[in-house]
Amino acid sequence: MALGFDQLNVGDSLQPLVKGPLEKSQFVAYGQAAMDANPIHTDDEFARQSGYESVFAQGMLSMGFLGQMLVANAGAGNVRRFKVRFTKITWPGETITCRGVVTRKYEENGQKLVDCDVHTETESGERRIEGSATLILE
Amino acid sequence: MGAAAGDPDLFLALDLNYASLLHAEQEFEWSRPLVAGEKVTITGRVGDMWEKQGKSGTLDFVVLEQIARDANGETVYVARTTLISRRI
(Lines give C-alpha, C1' and ligand atoms only; values in the text may rest on other atoms or scores of the structure.)
Protein backbone atom coordinates (compact mmCIF):
# COMPACT_ATOMS: atom_id res chain seq x y z
CA MET A 1 0.00 0.00 0.00
CA ALA A 2 1.66 3.21 -1.18
CA LEU A 3 1.87 6.21 1.12
CA GLY A 4 -0.44 9.16 0.40
CA PHE A 5 0.97 12.66 -0.15
CA ASP A 6 -1.61 14.24 2.17
CA GLN A 7 -0.83 11.91 5.08
CA LEU A 8 2.92 12.49 4.98
CA ASN A 9 4.76 15.42 6.59
CA VAL A 10 8.35 16.62 6.91
CA GLY A 11 10.02 14.61 9.68
CA ASP A 12 7.86 11.52 9.15
CA SER A 13 9.56 8.14 8.73
CA LEU A 14 8.97 5.84 5.77
CA GLN A 15 7.99 2.24 6.51
CA PRO A 16 11.36 0.54 7.20
CA LEU A 17 12.52 -2.66 5.49
CA VAL A 18 14.69 -5.29 7.25
CA LYS A 19 17.08 -7.49 5.23
CA GLY A 20 19.22 -10.33 6.50
CA PRO A 21 21.13 -11.73 8.18
CA LEU A 22 23.05 -11.29 4.92
CA GLU A 23 24.64 -14.41 3.45
CA LYS A 24 27.75 -14.70 1.31
CA SER A 25 25.66 -16.58 -1.27
CA GLN A 26 23.65 -13.36 -1.78
CA PHE A 27 26.84 -11.55 -2.79
CA VAL A 28 27.59 -14.31 -5.33
CA ALA A 29 24.05 -14.11 -6.74
CA TYR A 30 24.13 -10.31 -6.90
CA GLY A 31 27.56 -10.29 -8.57
CA GLN A 32 26.23 -12.59 -11.30
CA ALA A 33 23.04 -10.60 -11.79
CA ALA A 34 24.89 -7.27 -11.91
CA MET A 35 27.80 -8.61 -14.01
CA ASP A 36 30.16 -7.46 -11.25
CA ALA A 37 32.89 -10.11 -11.20
CA ASN A 38 35.02 -8.46 -8.48
CA PRO A 39 36.18 -11.42 -6.29
CA ILE A 40 36.47 -9.15 -3.25
CA HIS A 41 32.72 -9.79 -2.76
CA THR A 42 32.79 -13.56 -3.36
CA ASP A 43 36.22 -15.02 -2.50
CA ASP A 44 37.27 -14.84 1.18
CA GLU A 45 40.90 -15.65 0.39
CA PHE A 46 41.09 -12.82 -2.16
CA ALA A 47 39.38 -10.44 0.28
CA ARG A 48 41.91 -11.32 3.03
CA GLN A 49 44.83 -10.79 0.64
CA SER A 50 43.33 -7.38 -0.12
CA GLY A 51 43.36 -6.47 3.58
CA TYR A 52 39.75 -7.23 4.58
CA GLU A 53 38.68 -9.81 7.17
CA SER A 54 36.23 -11.45 4.74
CA VAL A 55 34.14 -10.79 1.66
CA PHE A 56 31.62 -7.94 1.97
CA ALA A 57 28.45 -6.79 0.23
CA GLN A 58 28.54 -4.89 -3.05
CA GLY A 59 27.54 -1.28 -2.43
CA MET A 60 24.96 -1.63 -5.18
CA LEU A 61 23.33 -4.55 -3.32
CA SER A 62 22.70 -2.24 -0.35
CA MET A 63 21.44 0.42 -2.75
CA GLY A 64 19.07 -2.23 -4.10
CA PHE A 65 17.77 -2.90 -0.58
CA LEU A 66 17.11 0.83 -0.12
CA GLY A 67 15.41 0.92 -3.52
CA GLN A 68 13.17 -1.97 -2.47
CA MET A 69 12.19 0.04 0.64
CA LEU A 70 11.43 3.14 -1.50
CA VAL A 71 9.27 1.17 -3.95
CA ALA A 72 7.40 -0.49 -1.07
CA ASN A 73 6.57 3.00 0.25
CA ALA A 74 5.83 4.89 -2.98
CA GLY A 75 4.73 2.13 -5.39
CA ALA A 76 6.52 0.89 -8.52
CA GLY A 77 7.51 3.62 -10.98
CA ASN A 78 7.35 6.38 -8.38
CA VAL A 79 11.02 6.83 -7.52
CA ARG A 80 12.05 10.01 -9.34
CA ARG A 81 15.63 10.35 -8.05
CA PHE A 82 17.87 8.21 -5.85
CA LYS A 83 21.43 8.85 -4.73
CA VAL A 84 23.68 7.09 -2.22
CA ARG A 85 27.20 7.39 -0.83
CA PHE A 86 28.93 4.10 -0.04
CA THR A 87 30.39 5.32 3.24
CA LYS A 88 30.84 2.09 5.24
CA ILE A 89 31.29 -1.60 4.50
CA THR A 90 28.35 -4.02 4.97
CA TRP A 91 29.51 -7.44 6.23
CA PRO A 92 28.03 -10.95 5.89
CA GLY A 93 25.93 -11.90 8.93
CA GLU A 94 24.69 -8.36 9.47
CA THR A 95 20.97 -7.64 9.58
CA ILE A 96 20.33 -4.38 7.76
CA THR A 97 17.40 -2.02 8.29
CA CYS A 98 16.59 0.41 5.46
CA ARG A 99 15.17 3.71 6.68
CA GLY A 100 13.93 6.97 5.22
CA VAL A 101 12.76 10.30 6.65
CA VAL A 102 10.84 13.01 4.76
CA THR A 103 12.84 16.25 4.48
CA ARG A 104 10.69 18.24 1.99
CA LYS A 105 7.18 18.12 0.56
CA TYR A 106 6.27 20.08 -2.62
CA GLU A 107 4.58 20.11 -6.02
CA GLU A 108 6.48 20.45 -9.27
CA ASN A 109 5.20 20.17 -12.87
CA GLY A 110 1.90 18.83 -11.54
CA GLN A 111 3.59 16.06 -9.52
CA LYS A 112 3.31 15.69 -5.76
CA LEU A 113 6.83 15.02 -4.52
CA VAL A 114 8.63 14.29 -1.27
CA ASP A 115 12.38 14.38 -0.73
CA CYS A 116 13.75 11.89 1.79
CA ASP A 117 17.04 11.18 3.51
CA VAL A 118 17.69 7.44 3.39
CA HIS A 119 20.22 5.10 4.99
CA THR A 120 20.92 1.52 5.98
CA GLU A 121 21.91 0.61 9.53
CA THR A 122 22.93 -2.49 11.49
CA GLU A 123 21.09 -3.89 14.51
CA SER A 124 23.28 -1.77 16.79
CA GLY A 125 22.35 1.35 14.79
CA GLU A 126 25.65 1.79 12.95
CA ARG A 127 25.02 3.47 9.59
CA ARG A 128 26.35 1.77 6.48
CA ILE A 129 25.24 3.67 3.35
CA GLU A 130 23.51 7.05 3.23
CA GLY A 131 21.77 9.11 0.61
CA SER A 132 18.61 10.82 -0.55
CA ALA A 133 15.63 10.18 -2.81
CA THR A 134 12.66 11.93 -4.37
CA LEU A 135 9.35 10.05 -4.47
CA ILE A 136 6.21 10.75 -6.49
CA LEU A 137 3.09 10.29 -4.34
CA GLU A 138 -0.62 10.37 -5.13
CA MET B 1 30.68 -1.68 -9.90
CA GLY B 2 30.17 -3.85 -12.98
CA ALA B 3 27.44 -2.64 -15.29
CA ALA B 4 27.16 0.60 -13.33
CA ALA B 5 30.48 1.69 -14.81
CA GLY B 6 28.84 1.76 -18.24
CA ASP B 7 30.92 1.89 -21.40
CA PRO B 8 33.80 -0.61 -20.87
CA ASP B 9 36.11 1.09 -23.42
CA LEU B 10 35.63 4.48 -21.83
CA PHE B 11 36.17 2.90 -18.42
CA LEU B 12 39.48 1.27 -19.47
CA ALA B 13 40.66 4.44 -21.19
CA LEU B 14 40.67 6.17 -17.80
CA ASP B 15 43.67 4.00 -16.85
CA LEU B 16 42.76 4.01 -13.15
CA ASN B 17 44.48 1.99 -10.43
CA TYR B 18 41.98 -0.88 -10.27
CA ALA B 19 43.42 -2.35 -7.08
CA SER B 20 42.41 0.76 -5.16
CA LEU B 21 39.23 1.53 -7.08
CA LEU B 22 36.26 2.47 -4.92
CA HIS B 23 32.65 2.98 -6.00
CA ALA B 24 32.01 6.05 -3.85
CA GLU B 25 28.61 7.30 -5.00
CA GLN B 26 25.75 6.29 -7.29
CA GLU B 27 22.83 8.38 -8.49
CA PHE B 28 19.83 7.73 -10.74
CA GLU B 29 17.25 10.19 -12.07
CA TRP B 30 14.24 8.78 -13.91
CA SER B 31 12.02 10.89 -16.16
CA ARG B 32 9.53 8.02 -16.33
CA PRO B 33 9.47 4.28 -15.66
CA LEU B 34 11.19 1.92 -18.10
CA VAL B 35 8.62 -0.26 -19.87
CA ALA B 36 9.21 -3.96 -20.63
CA GLY B 37 9.95 -4.52 -24.32
CA GLU B 38 11.09 -1.01 -25.18
CA LYS B 39 14.51 -0.21 -26.58
CA VAL B 40 16.73 2.48 -25.08
CA THR B 41 20.06 3.80 -26.31
CA ILE B 42 22.63 4.51 -23.63
CA THR B 43 25.49 6.92 -24.16
CA GLY B 44 28.31 7.34 -21.66
CA ARG B 45 30.67 10.19 -20.97
CA VAL B 46 33.07 11.37 -18.29
CA GLY B 47 30.88 13.88 -16.47
CA ASP B 48 33.55 15.29 -14.18
CA MET B 49 37.11 14.61 -12.99
CA TRP B 50 39.14 16.10 -10.18
CA GLU B 51 41.99 15.16 -7.88
CA LYS B 52 42.57 15.58 -4.19
CA GLN B 53 45.66 15.16 -2.01
CA GLY B 54 44.98 12.45 0.59
CA LYS B 55 47.19 11.08 3.39
CA SER B 56 48.20 8.14 1.17
CA GLY B 57 48.86 10.22 -1.96
CA THR B 58 46.83 11.60 -4.84
CA LEU B 59 43.22 10.50 -5.17
CA ASP B 60 41.51 10.70 -8.57
CA PHE B 61 37.76 11.28 -8.60
CA VAL B 62 35.85 10.40 -11.77
CA VAL B 63 32.13 10.79 -12.45
CA LEU B 64 30.89 8.52 -15.24
CA GLU B 65 27.54 9.63 -16.59
CA GLN B 66 25.17 7.47 -18.63
CA ILE B 67 22.06 8.81 -20.38
CA ALA B 68 19.36 6.41 -21.61
CA ARG B 69 17.11 7.72 -24.39
CA ASP B 70 13.99 6.13 -25.88
CA ALA B 71 13.01 5.70 -29.55
CA ASN B 72 11.88 9.38 -29.68
CA GLY B 73 15.18 10.60 -28.28
CA GLU B 74 13.59 11.52 -24.95
CA THR B 75 15.72 10.92 -21.84
CA VAL B 76 14.40 8.01 -19.77
CA TYR B 77 17.06 8.08 -17.05
CA VAL B 78 20.45 9.52 -16.18
CA ALA B 79 22.89 7.53 -14.03
CA ARG B 80 26.01 8.93 -12.40
CA THR B 81 28.77 6.75 -10.93
CA THR B 82 31.49 8.38 -8.81
CA LEU B 83 34.73 6.40 -8.59
CA ILE B 84 37.78 7.10 -6.42
CA SER B 85 41.19 5.69 -7.33
CA ARG B 86 44.51 6.12 -5.47
CA ARG B 87 47.22 7.04 -7.96
CA ILE B 88 50.21 4.66 -8.07
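**Interface and shared sheet of chains A and B**

Two salt bridges are found across the interface of chain B and chain A in this predicted model. One salt bridge links the side chain of A:R81 with that of B:E27, at a nitrogen-to-oxygen distance of 3.9 Å. The cut-off applied is a side-chain nitrogen of Lys or Arg within 4 Å of a carboxyl oxygen of Asp or Glu, and the 3.9 Å of the pair A:R81 and B:E27 therefore meets this limit. Four residue pairs in polar contact are counted between chain B and chain A, with both residues at pLDDT 80 or more. On the side of chain B that touches chain A, the residues divide by class into six nonpolar, four polar and three charged.

The contact itself involves 14 residues of chain A and 13 residues of chain B. Between them the two chains bury about 1200 Å², and 57% of this area is on carbon and sulfur atoms. Of the area that chain B buries against chain A, 37% comes from B:E25, B:Q26 and B:W30, which is more than any other three residues supply.

The pairing of strands across the interface was examined next. Strand 2 of chain A (residues 79-85) runs antiparallel to strand 1 of chain B (residues 22-30), and five bridges join the two. Within this pairing, B:F28 of strand 1 of chain B is the residue opposite A:F82. Strand 2 of chain A also pairs with strand 5 of chain A (residues 127-137), in the antiparallel sense and over six bridges. There A:R81 has A:T134 of strand 5 as its bridge partner. A:R81 thus has a bridge partner in strand 5 of chain A and a side-chain salt bridge to B:E27.

These strands belong to an open sheet of nine strands with antiparallel pairing, in the order 1(A)-3(A)-4(A)-5(A)-2(A)-1(B)-4(B)-3(B)-2(B). Strand 1 of chain A (17-19) and strand 2 of chain B stand at the edges with a single partner strand each, so one side of each has no neighbour in the sheet. From one strand to the next, the twist averages 15 degrees. Strands of a sheet pair through backbone hydrogen bonds, in either a parallel or an antiparallel sense.

Chain B contains one helix and four strands. From its N terminus the order of elements is α-β-β-β-β. Strand 2 (residues 41-54) and strand 3 (residues 57-69) of chain B form an antiparallel pair over 13 bridges. A hairpin of two residues connects strand 2 of chain B to strand 3 of chain B. In this pair, B:V62 of strand 3 is the residue opposite B:M49. The C-alpha atoms of chain B occupy a box of roughly 45 × 20 × 15 Å along the principal axes.

Chain A comprises three helices and five strands, arranged along the sequence as β-α-α-α-β-β-β-β. Its C-alpha trace spans about 55 × 30 × 25 Å along the principal axes. Two backbone features of chain A are recorded here. The peptide bond from A:G20 to A:P21 is cis, with omega near 5 degrees. A:P21 is placed in the loop between strand 1 and helix 1 (24-34) of chain A. The second feature concerns A:M35, a residue that is not a glycine but has a positive phi of about 55 degrees. The position of A:M35 is in the loop between helix 1 and helix 2 (44-49) of chain A.

Notes: Residues numbered from 1 in each chain as written. Chains lettered and ligands numbered in written order. Predicted model: local features only at pLDDT ≥ 70, side-chain atom pairs only at ≥ 80, totals over all residues. Heavy atoms only, no water. Contact = heavy atoms within 4.5 Å. Buried area = accessible area lost by both parts, 1.4 Å probe. Polar contact = N/O pair within 3.5 Å; in protein donor to acceptor, adjacent residues only side chain to side chain. Nonpolar A, V, L, I, M, F, W, Y, C, P; charged D, E, K, R; others polar. Pairing = 2+ DSSP bridges. Axes fitted to C-alpha atoms, helices over the stretch in contact; angles between N-to-C directions.
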